[in-house]
Amino acid sequence: MKKLINAPESVVDDELAGVAAAHADLVRVIEPNVVVRADAPKKGKVGVISGGGSGHEPMHGGFVGMGMLDAACPGAVFTSPVPDQMLAATKAVDGGAGVLHIVKNYTGDIMNFELAAEMARAEGIEVTSVVIADDVAVKDSLYTAGRRGVGGTVLAEKIVGAAAEAGADLATVTALCQKVQDNVRSMGMALTSCTVPAAGKPTFELGDDEMEIGIGIHGEPGRTRMKLASAAEITAMLATPILDDLPFKAGDKVLAFVNGMGGTPLIELYVIFNELKKILDARGITIARNLIGNYITSLEMAGCSITLLRLDDELTKHWDAPVHTPGLRWGR
Amino acid sequence: MISYDDILAWVRRFAAAVTANKAYLTELDSAIGDADHGINMDRGFTAVVGKLDGLASPDIGAALKTVGTTLVSTVGGASGPLYGMFFMQMGGAVTGKEALTLEEFATAFETGLGGVLRIGKAEPGDKTMVDALIPARDALRAAIADGASVSDAITRMADGAEQGMLATVPLVARKGRASYLGERSAGHQDPGATSSHLLLRSAAEVWAGR
């Protein structure tokens, strides 16, 4: 294992100390490992928090700031955070208008957030939760834990954060988050595995000429392993299940998000975006907004994911609103 | 009888077993999960062992609840709430007791198992820790009905867990991250069932000869 770390046990703590040192104008880090917006709590504003395992940077800690999250709870690498963190985050950002928990659909995240929400309610804080489950690679049936929460989470955090910033109440913010979930679909692929620092070796083995289609963001093996194909073929393999699932139709306007898994250069992500544009053009679907880059990563994994969000005026307005976080900034 | 010291010795033995099997549990989790089970359990039980020395009175219920709350606060993932709930609920069933009969231990174990079933919502055959814990409970109940000694009963319980653990190999996962693999999860032993077997094998080891 070759990594820029001091010790596997201290990776998350060392990273958070770096974040706090670099972005003191935007965030502060409080015990037990919670990244909180520097000016939280804001009186009368709905708090929006999220959290999940570390290793997906900049998500979630990099999205704390004006117009996005009020706090983020990073767990150990690829491990859901503990309820104490979400409780501390909820209390730190509660400005009296309630707090929304944005939860990715993983068994551990769901259980830990549920425990935290119960504890926060017991302390008199109004808490709602929306579960993001947008990965179409997973068959959504009684026989799985349901779809995983992946790229759609980033878009939900931006859009919902903008609404909260604009003064929307908890019910409105919660409904908006659910609307994003209802209109977003994603799928990812990997060219290489990743190595959890504490494990010290790759999570899975992939031959030099192989790729994994339908990969999760924790190195969970995907649904099919196959020989490497061209960017055009790979884009079609990811985009087609996404388009057919919602389904996206001719005339739809979408936000197209091409995300890198952490080890893939931008040059390749733009190649994928170009192929995606061709596919959507052919179907009469307009890319009204886009996001291209490494935003929800899987450590050093090479690969990408595609996320499509069907836009309407409300979602577009909140997407365009100013945001100022370590990981995403525009409009100011 | 199972004494307060026996309970602490069991928890300590399991903590040592988790440390010794940290890489193995993580390796099993790499195959069908997210490669962190051994790491997370080891972090949690290292914290638990640190708490055991500071316990005030010989109250088995309070001790088990401390184990549970420590796990919830330190493990994360799915294992934190699941093992945390197991110990918290088990402790809640034996509050104030300094020693347990085998029957009381069985009832406490069943209460802990109930907590796991409630928050995990897993059913037998879903390829989870439940697949080790339920055969363990059944074996313990059968042993009690046969009038077995503590040592024999717990050994049979651990054997039941072991059989359940091995029986997870051909199963297709329907809960947790392994469920995303569908058919590809078959052929791998479940990491949670494996740590649950270690939990009960640890009890059988420290209570041998009773």
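Biologist: Which residue forms a salt bridge with A:Asp245, and how far apart are the closest N and O atoms?

Modeller: A good place to start! Bear in mind that this is a predicted model. The idea is to look for a side-chain nitrogen of Lys or Arg within 4 Å of a carboxyl oxygen of Asp or Glu. Here A:Arg147 is the partner of A:Asp245, with 2.6 Å between the closest N and O atoms. Across the interface of domain 1 and domain 2 of chain A, three salt bridges are found.

Biologist: Where do the two domains of chain A begin and end?

Modeller: The domain assignment places domain 1 at 8-183 and domain 2 at 184-318 of chain A. Their C-alpha centres are 22 Å apart. The contact between them draws 36 residues from domain 1 and 38 residues from domain 2 of chain A.

Biologist: How should I read the area buried between these domains, and what share of it do carbon and sulfur atoms give?

Modeller: Think of buried area as the accessible area that two parts lose on being put together, summed over both. For domain 1 and domain 2 of chain A that comes to about 3100 Å², and carbon and sulfur atoms give 64% of it. On the side of domain 1, A:Phe78, A:Leu155 and A:Asn183 supply 21% of the area buried against domain 2 of chain A, more than any other three residues.

Biologist: How many residue pairs are in polar contact between the domains, and which elements give two or more residues to the side of domain 1?

Modeller: There are 15 residue pairs in polar contact between domain 1 and domain 2 of chain A, counting pairs with both residues at pLDDT 80 or more. On the domain 1 side, the elements giving two or more residues are α4 (152-165) and α5 (170-183) of chain A. The largest share, seven residues, belongs to α4(A). By class, that side has 19 nonpolar, seven polar and ten charged residues.

Biologist: Now the backbone. What is unusual about the phi of A:Phe78?

Modeller: As background, most residues other than glycine have a negative phi, and most peptide bonds are trans. A:Phe78 has a positive phi of about 60°, although it is not a glycine. This residue sits in the loop between β4 and α2 (83-93) of chain A. A:Phe78 is also buried, with a relative accessible area of 0%. Another positive phi, about 55°, is at A:Leu299, in the loop between β11 (286-293) and β12 (303-310) of chain A.

Biologist: And which peptide bonds are cis?

Modeller: One is the bond from A:Ala40 to A:Pro41, with omega near -5°. A:Pro41 is in the loop between β2 (34-37) and β3 (47-54) of chain A. Another joins A:Glu57 and A:Pro58, with omega about 10°. A:Pro58 belongs to the loop between β3 and β4 (71-77) of chain A.

Biologist: Let's turn to the chains. How many residues does each of chain A and chain B bring to the contact?

Modeller: Chain A brings 35 residues and chain B brings 31 residues. Together they bury about 2500 Å², with 56% of it on carbon and sulfur atoms. One salt bridge is counted between them: A:Glu212 meets B:Arg184, at 2.9 Å from N to O.

Biologist: Which elements give two or more residues to the side of chain A that touches chain B?

Modeller: They are α2, α3 (107-122) and β9 (224-227) of chain A. From α3(A) comes the largest share, six residues. That side divides into 15 nonpolar, twelve polar and eight charged residues.

Note on methods. Residues are numbered from 1 along each chain as its sequence is written. Chains are lettered from A and ligands numbered from 1 in the order in which they are written. This is a predicted model: local features need pLDDT of at least 70, side-chain atom pairs count only at pLDDT 80 or more; totals for chains, interfaces and linings use all residues. Side-chain values use heavy atoms; hydrogens and water are left out. Domain bounds come from an automatic or database domain assignment. Contact means heavy atoms within 4.5 Å. Buried area is the accessible area (1.4 Å probe) that two parts lose on being put together, summed over both. A polar contact is a pair of N or O atoms within 3.5 Å; within protein, one must be able to donate a hydrogen and the other to accept it, and residues adjacent in sequence count only if both atoms are side-chain atoms. Helices (H or I, at least four residues) and strands (E, at least two) are DSSP runs, numbered from the N terminus. Ala, Val, Leu, Ile, Met, Phe, Trp, Tyr, Cys and Pro count as nonpolar, Asp, Glu, Lys and Arg as charged, and the others, Gly among them, as polar. Buried means under 20% relative accessible area, exposed over 50%, partly exposed in between (1.4 Å probe, protein chains only).
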